[in-house]
Amino acid sequence: MAQNFALLAKDLGLPLQLLQYGTALVLSFPLAAIYRALPAPTKSQKPHQQQSPNPETFGSVSRLLIGDASTIPSEVRLRHLYSLGVTSLLMGNLFSYSLFAEIFSTSVFVWGLSLIMKHSEALYKTNGTKSRIWFPILVFAGALLQLASHHIRYQVWDTSLPDDSAPFLILSTKLGMYAWALYDGTRPASDLSPEQMSRLIHETPSLLEFLGFIFFFPGWLVGPAIEFSDYRDFTRLEGHYKDLPQDRLIPTLKLAALGIVCLILNVATAKDFAPIVLTTNDFNLKPFWFRAVFLMIAAFMARCKFYAAWKLSESACTLVGISYNGIKNNTSEVLWNRVENVNVYDVETAQSPRAFVNQWNKNASNWLRQSVYIRISPPRGDGQSVRGVLRSREVANFATFLCSALWHGFRPSYYILFLTGAILTTVAGAIRQTVRPLFLSPRLLGNFKWLYDIASWILTQWCIDYVAVTFLLYRLDLSLLMLRSQLYTGHLLLAAGLGLMWSGWLSRGARMLELHLRKGEDDVGDEVIVNEGVGISKLNGDAKIRKRAVG
């Protein structure tokens with residue numbers, strides 16, 4: 001069947017990957033409708049308490065494989081089987097059954113490791129350590145290495161082969177989030193942030209439940225990569241899902257419409273605003289302002305391809321119901337953004353690189369934050385200095401971007417994007433933290449806040465587009481040609497920003513400007529006091545001026 005898809009794509013003149021993704025996304029809607037028709041879980045006679053195997057019950061094969069029948073309704077197991085079944089068929093027919101077998105075996109192996117991690121306390125005591133951190137580190141690193149083997153095969157070894165790494169991108173994300181959440185479930189609550197507490201896994205799932213999570217059909221190819229805690233609550237209709245609204249057709253159609261509009265924009269402009277245009281000699285003959293504007297338009301149209309895939313996938317998740325996120329505070333508005341992968345409005349209106357990144361591919365960003373960033377730079381403790389925290393954040397920032405680059409693959413342009421992006425977020429964050437307060441104070445530059453907002457929005461969007469387009473060009477030579485068409489302006493601005501940061505002139509200059517503005521304000525105040533000829537004192541209590549004013 002996979003070979004038939006390749007032949008069909010050739011006959012239609014379409015890229016194989018486009019046909020595979022399109023078929024999976026389109027089929028997710030009828031599959032979601034069937035999922036909704038499955039019997040809803042009924043409340044068990046006993047209060048639910050996940051029965052994870054322990055040394056005394058380790059021989060209970062059925063409990064290991066499908067869970068405790070006395071506490072988990074059969075309807076829940078049917079949901080797991082449905083996702084496992086339909087996703088295996090989709091994987092096998094759109095890609096290959098060997099790909100399904102690899103993902104299946106990897107998932108079973110990680111599940112087995114999680115049993116060992118949770119139920120071998122004697123081993124830890126014998127070794128003189130109580131730490132279980134080996135488990136999430138091993139899973140995180142192992143999943144990245146497995147993904148890297150596929151990237152090397154299709155990006156380095158033979159670029160003519162079709163790229164089937166997308167399911168492994170989602171797999172590595174899910175396995176990493178699961179491993180860290182299970183590890184955090186063994187730690188004291190006092191060591192965890194509220195964000196970590198909301199994702200805890202205290203007990204290992206049955207094999208069937210874990211496979212249902214890994215192969216959850218709406219997001220196995222392009223995401224969203226959901227948290228295991230959300231999947232468990234959703235399939236059992238527990239937590240906030242116990243009040244899951246049944247009327248979700250309208251939000252589903254809205255997301256699908258947005259995805260279709262973005263797809264049309266991308267397809268309609270694919271030729272005229274292709275990123276490759278920025279590397280041509282004719283393009284370099286255009287004025288710089290034209291090249292800069294063209295860059296922003298081309299980058300937006302390219303983003304529309306990602307918006308289309310993610311929004312269509314999110315709409316299927318909404319139809320199923322796992323996107324439900326409760327009721328908005330003080331309103332009756334129902335939120336459907338729990339597994340949102342991208343907020344288009346927030347991305348396109350972002351006024352800082354950090355705000356842009358936080359709203360782009362949010363579930364992958366969450367995986368990197370949970371797996372890398374907060375492990376290197378945890379919240380500041382009593383014994384940590386501010387300088388130490390800031391330095392650890394810089395290291396964590398670069399490590400996170402490096403892991404993100406490895407996650408995407410080994411094309412040279414990826415490392416231009418992610419390494420430059422790490423510097424960009426660091427420099428822009430320092431500038432924003434130093435300069436923005438001047439525009440927030442009515443006594444300083446508050447009247448020009450609107451101008452600051454516009455300038456920061458334009459500069460943020462252009463700088464992001466400047467480095468992001470290299471991601472789409474793949475090759476190093478093409479990326480350098482594109483950067484040259486922009487006169488390397490982005491890198492020159494970053495160099496200037498780094499120079500101001502390292503020399504201390506950024507904070508020093510902002511302080512001097514603040515003192516100058518405050519001095520001007522005080523001079524105006526003195527003038528008013530003297531001219532009015534009344535006994536109003538200056539804020540600093542200058543009695544001489546007050547006396548002279550009255551006289």
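Hi everyone. Let me start with a definition: two rings of Phe, Tyr or Trp count as a pair here if their centres lie within 6.5 Å. With that in hand, and keeping in mind that this is a predicted model, here is the cluster I'd like you to look at. Ring pairs join Tyr-35, Tyr-82, Tyr-178, Phe-210, Phe-213, Phe-216, Phe-217, Phe-228, Tyr-231, Phe-234 and Tyr-241 into a cluster. Across the whole structure, the search turns up 37 aromatic pairs.

Let's zoom in on one of them. The ring centres of Phe-213 and Phe-228 are 5.3 Å apart with the planes at 90°, so this pair is edge-to-face. Phe-213 sits in helix H10, residues 207–214, and Phe-228 in helix H11, residues 228–236, so the pair ties together parts 15 residues apart in sequence. Both Phe-213 and Phe-228 are buried.

Now a second pair, Tyr-414 and Tyr-474. Their centres are 6.4 Å apart and their planes stand at 85°, so this one is edge-to-face too. It links distant parts of the chain, 60 residues apart: Tyr-414 is in helix H19, while Tyr-474 is in the loop between H20 and helix H21. So are these two tyrosines buried or exposed? Tyr-414 is buried, at 4% relative accessible area. Tyr-474, at 39%, counts as partly exposed, because that class runs between the 20% and 50% cut-offs.

Back to the cluster for a moment, since Tyr-35 is one of its members and also one of the buried residues of helix H2. H2 covers residues 16–37, which is 22 residues, and spans 32 Å from its first C-alpha to its last, close to the 32 Å expected. Where does H2 bend? It bends by about 30° at Ser-28, and Pro-30 follows within four residues. Ser-28 is itself buried, and other buried residues of H2 include Leu-19, Tyr-21, Leu-25 and Leu-31.

Last stop, for those of you who like pockets: the second largest one holds about 500 Å³ of space. Its lining has 24 residues, with Ala-428, Ile-431, Leu-459, Thr-460 and Cys-463 nearest the centre. Helices H19, H20 and H22 each give two or more residues to that lining, and H20 provides the largest share, 8 residues. What is the lining made of, in terms of nonpolar, polar and charged residues? The split is 17 nonpolar, 6 polar and 1 charged.

That's my tour. Thanks for listening!

Notes:
Residues numbered from 1 in each chain as written. Predicted model: local features only at pLDDT ≥ 70, side-chain atom pairs only at ≥ 80, totals over all residues. Heavy atoms only, no water. Expected span 1.5 Å × (residues − 1). Bend = angle between axes of the 7 residues up to and from the residue. Buried < 20%, exposed > 50% of the residue type's maximum accessible area, 1.4 Å probe, protein only. 1 Å grid on protein atoms, 1.4 Å probe; cavity = no way out; pocket = protein on both sides within 12 Å on 5 of 7 lines; lining within 4 Å. Points joined across faces, edges and corners; volume = space filled by probe spheres on them. Nonpolar A, V, L, I, M, F, W, Y, C, P; charged D, E, K, R; others polar. Phe/Tyr/Trp six-rings, centres within 6.5 Å; stacked < 30°, edge-to-face > 60°.
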